[in-house]
Amino acid sequence: MNRRTQEGGIPINPTIHSIKYRANHRGWIMTQTWEHLLFAHWEIPPAMIRSMVPDALEIDTYEGSGWITIIPFMMSGVRLRCLPPVPFTTTFPEINVRTYVKIGGRSGIYFLSLDASNPWITAIARKWYRLPYFEASMNFQKRNDGIEIDSRRVKSPDQSERFSASYQSCSDVFFAQHGSLEYWLTERYTLFCECAKTKRIYGANVYHEPWQLQNAAVQIRENTLTEKQFSLEAPPSLTLYSRGVQSIVWPIQEVKEEGGVAW
């Protein structure tokens, strides 16, 4: 990969606008920081994903393959624009399960599930963003040699959705090169969801600076987050780690195609 570094080996990308510059743009409503992320990617036939994604969304593929990604991380710094953080609600672990979709030529992500240990956040996100959040009992610990996470969904009928893993970085930091699989999987700035009642598609934009990535060494001890749809027993096809980014989030809005292009 083409990697550019500054003194000390930390990558730089001089063409990207800073988070402070973008934060001056109108319309965004929330800021979040995502820390110590594992991107565990599985290559999967698109037909296996089709039934879990709304018909209006096309399965996005890379060289003909669909992908499922599980992302455990620590959420912090959650606050609404112009408001201070709410005590006891701004830092908590989360696990996202997502796939890759597009509509009207616009690519994004579609969440199959999101597990979080904060019941207030799960309730708000379900209502405001129509996202399939679930409350989970989670233990997220940073150790000298990496991250340990254990999660169990607490309000499912049999509490069978579990994820347990340890992971750590194992390479120098790099930016994903445009056109690469790493770029295709990680540089995504729109989420899509479906209104359960109307079946209309909604979307929200997210901005953050490009991921500073590292290869990751991963040991998955238990993973049943997708077991009711399909099994991910095989090791991930690709694993990446990022120390994290600060993000800003725009409100959700209905997706309308005009001239073949989604809003």
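Ile44 stands opposite Gly66 in E3, and this facing pair is a good place to enter the predicted model. Strands E1 and E3 run antiparallel to each other, joined over 10 bridges. E1 has another partner too: with strand E12 (residues 238-249) it pairs in the antiparallel sense over 11 bridges. On that side you can find Thr33 opposite Gln246 in E12.

Stay with E1 a little longer. Of its 15 residues, 13 are buried, so the strand is mostly covered. His36 sits in this strand, which spans residues 30-44, and its backbone deserves a look: its phi is positive, about 50°, although His36 is not a glycine. With a relative accessible area of 7%, His36 is buried. Now compare Lys199, which also has a positive phi without being a glycine, here about 65°. Lys199 belongs to the loop between strand E9 (190-194) and strand E10 (201-207), and at 52% relative accessibility it counts as exposed.

Stepping back, the protein contains four helices and 15 strands. Buried residues make up 49% of its 263 residues. Among contacts with a separation of 6 or more, 69% are between residues 24 or more positions apart. The surface comes to about 13300 Å² of exposed area, with carbon and sulfur atoms supplying 49% of it.

What about the interior? In soluble globular proteins, nonpolar side chains tend to be buried together. Here the largest nonpolar core has 38 residues, and Trp34 and Leu131 touch the most other members. Strand E3 (residues 66-80) provides the largest share of this core, five residues. Apart from this core lies another, of 33 residues, including Met52, Ile68, Met138 and Leu232. If you centre the view on Leu131 and set aside its neighbours within four places in sequence, you will find it in contact with Phe111, Leu114, Ala125, Arg126, Leu191 and Cys193.

The aromatic residues are worth a tour of their own. How many aromatic pairs does a search of the whole structure find? There are six. In one of them, the ring centres of Tyr62 and Trp184 are 5.7 Å apart and the planes meet at 55°, so the pair is tilted. This pair links distant parts of the chain, 122 residues apart: Tyr62 is in the loop between strand E2 (58-59) and E3, while Trp184 is in helix H4 (residues 181-186). Both rings belong to buried residues, since Tyr62 has a relative accessible area of 19% and Trp184 one of 15%. Tyr167 and Tyr241 also form a tilted pair, because their planes stand at 50° with the ring centres 6.4 Å apart. Tyr167 comes from strand E8 (residues 162-169) and Tyr241 from strand E12, so this pair ties together parts 74 residues apart in sequence. Tyr167 is buried at 2% relative accessible area, and Tyr241 is buried at 9%. Trp34, which you met in the core, joins Phe39 and Trp211 in one aromatic cluster.

Charged groups meet rings as well. The charged end of Arg188 sits over the ring of Trp184, 4.4 Å from its centre. Likewise, Arg130 places its charged end over the ring of Tyr202, 4.2 Å from the centre.

One last stop is Glu257, in strand E14 (residues 257-258). At 49% relative accessibility, Glu257 counts as partly exposed. Its C-alpha is 10.0 Å from that of Arg106, with the two positions 151 residues apart in sequence numbering.

Terms used:
Residues are numbered from 1 along each chain as its sequence is written. This is a predicted model: local features need pLDDT of at least 70, side-chain atom pairs count only at pLDDT 80 or more; totals for chains, interfaces and linings use all residues. Side-chain values use heavy atoms; hydrogens and water are left out. Helices (H or I, at least four residues) and strands (E, at least two) are DSSP runs, numbered from the N terminus. Buried means under 20% relative accessible area, exposed over 50%, partly exposed in between (1.4 Å probe, protein chains only). Contact means heavy atoms within 4.5 Å. Accessible areas come from the Shrake-Rupley method with a 1.4 Å probe; for residues, only the protein chains shown count as cover. A nonpolar core is a set of buried Ala, Val, Leu, Ile, Met, Phe, Trp, Tyr and Cys residues joined through side-chain atoms within 4.5 Å. Two strands pair if DSSP finds at least two bridges between them. Rings of Phe, Tyr and Trp (its six-membered ring) pair if their centres lie within 6.5 Å; planes under 30 degrees apart count as stacked, over 60 as edge-to-face and the rest as tilted. A charge sits over a ring if NZ of Lys or CZ of Arg is within 6 Å of the ring centre and within 35 degrees of the ring normal.
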